[in-house]
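Colleague: Could you take one part of this model and go through it closely for me, setting it against the rest of the chain as you go? I would like a single connected account rather than a list.

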Amino acid sequence: MNTMLRKSILGIAGLTAAAGLAAGPLNHAATEAFSSANPIAAVQAEKPDTGKLLPHGAPAGQSHVDLNDEQVGNVKAIIAATKKAGMDERAAVVAIATALQESKLENLGHLGDRNDHDSQGLFQQRPSSGWGTVEQITDPEYSTLAFLKGLKQVDGWQDMPLTKAAQTVQVSAYPDHYAQWEQQAADLVAEHWNA
């Protein structure tokens, strides 16, 4: 829909500019000013509301990692899967914070001796726990949809602190560690939700 809207506005802008040029030199200056403006910027959607992304505010002790292109691609995949699941920006914040804690947004394969049992992928899901096959859980879309399916089953997840919602799905040995990624996850959703 965004692409159709953008094309419609650009089409109207083109017709307006052409009509201005055809009207003669009196309107030429106004046409130049109009055509030099960026019509795409006018139709870009606003960033999601911070209050919706961080309904409880960001807890103290926030962590941050600089992301490479692969990690940003995984952020975009999580957001796309969240939209596909029909869930909102807050669900994407919970998912991205969880993946930041579990893998720093790296789609990890088996880590040998450093592996937590058979955990793999962005969310460190385990085939032996029923999350899917290795191929499935190392697919960013599949693993995100699997995480979100679990999140949907948590009654009241929308109103609880992020770390409690994430922990209810993940059942981690470190249940409070998800909270440290809430601000970065919210910033990433704000930046990429409408991109």
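Modeller: In this predicted model, helix α8 packs against helix α9 (residues 162–170) with the two axes 9 Å apart and at an angle of about 110°. Because angles of 65 to 115 degrees count as roughly perpendicular, α8 is described as roughly perpendicular to α9. On the α8 side the contact is made by F147, G150 and L151, and on the α9 side by A165, V169 and Q170. By character, the residues of this contact divide into four nonpolar and two polar, with no charged residue among them.

Helix α8, which spans residues 140–152, also has relations with helix α5, and here L145 is a useful place to look. L145 lies in α8 and is partly exposed, with a relative accessible area of 27%. Leaving aside residues up to four places away in sequence, L145 touches A81, K84 and A85. The C-alpha atoms of L145 and A81 are separated by 6.2 Å, although the two residues are 64 apart along the chain. For K83 and L145, which are 62 residues apart along the chain, the C-alpha separation is 9.9 Å. K83 itself lies in helix α5 and, at 40% relative accessibility, counts as partly exposed.

K84, one of the residues that L145 touches, brings a charged pairing to the account of α8. K84 forms a salt bridge with E141, and the closest N and O atoms are 2.6 Å apart. This pair links distant parts of the chain, since K84 belongs to helix α5 (residues 69–84) and E141 to helix α8 (residues 140–152), with their positions 57 residues apart in sequence. The two partners fall into separate classes of accessibility: K84 counts as exposed at 56% relative accessibility, whereas E141, at 35%, counts as partly exposed.

The salt bridge of K84 with E141 belongs to a set of three in the structure, and the other two both involve helix α6. In one of them, the side chains of K52 and E89 meet at 3.5 Å, taken from N to O. K52 lies in helix α4 (residues 50–53) and E89 in helix α6 (residues 89–103), so this pair ties together parts that are 37 residues apart in sequence. Of these two residues, K52 is partly exposed, with a relative accessible area of 39%, while E89 is buried, with a relative accessible area of 14%.

In the other, R90 forms a salt bridge with E182, with the closest N and O atoms 2.9 Å apart. R90 lies in helix α6 and E182 in helix α10 (residues 182–192), so the pair ties together parts that are 92 residues apart in sequence. Here both partners are buried, R90 as well as E182.

Two places in the loops deserve a careful look at the backbone. V171 is found in the loop between α9 and α10, and has a positive phi of about 50° although it is not a glycine. At 64% relative accessibility, V171 counts as exposed. L105 likewise has a positive phi, of about 65°, and is not a glycine; it is found in the loop between α6 and α7 (134–137). In its surroundings L105 contrasts with V171, for L105 is buried, with a relative accessible area of 0%, and V171 is exposed.

As for the setting of these details, the protein chain has ten helices and zero strands, so that the pattern read along the sequence is α-α-α-α-α-α-α-α-α-α. Of its 195 residues, 39% count as buried. Among contacts between residues at least 6 apart in sequence, 62% join residues at least 24 apart, and the contact of L145 with A81, two residues that are 64 apart along the chain, is an example of such a long-range pairing. The chain exposes about 10,900 Å², of which carbon and sulfur atoms supply 54%.

Technical notes. Residues are numbered from 1 along each chain as its sequence is written. This is a predicted model: local features need pLDDT of at least 70, side-chain atom pairs count only at pLDDT 80 or more; totals for chains, interfaces and linings use all residues. Side-chain values use heavy atoms; hydrogens and water are left out. Helices (H or I, at least four residues) and strands (E, at least two) are DSSP runs, numbered from the N terminus. Buried means under 20% relative accessible area, exposed over 50%, partly exposed in between (1.4 Å probe, protein chains only). Contact means heavy atoms within 4.5 Å. Accessible areas come from the Shrake-Rupley method with a 1.4 Å probe; for residues, only the protein chains shown count as cover. A salt bridge is a side-chain nitrogen of Lys or Arg within 4 Å of a carboxyl oxygen of Asp or Glu. Axes are lines fitted to C-alpha atoms, for helices over the stretch in contact, and angles run from 0 to 180 degrees between N-to-C directions. Angles under 35 degrees count as roughly parallel, over 145 as roughly antiparallel, 65 to 115 as roughly perpendicular and the rest as oblique. Ala, Val, Leu, Ile, Met, Phe, Trp, Tyr, Cys and Pro count as nonpolar, Asp, Glu, Lys and Arg as charged, and the others, Gly among them, as polar.
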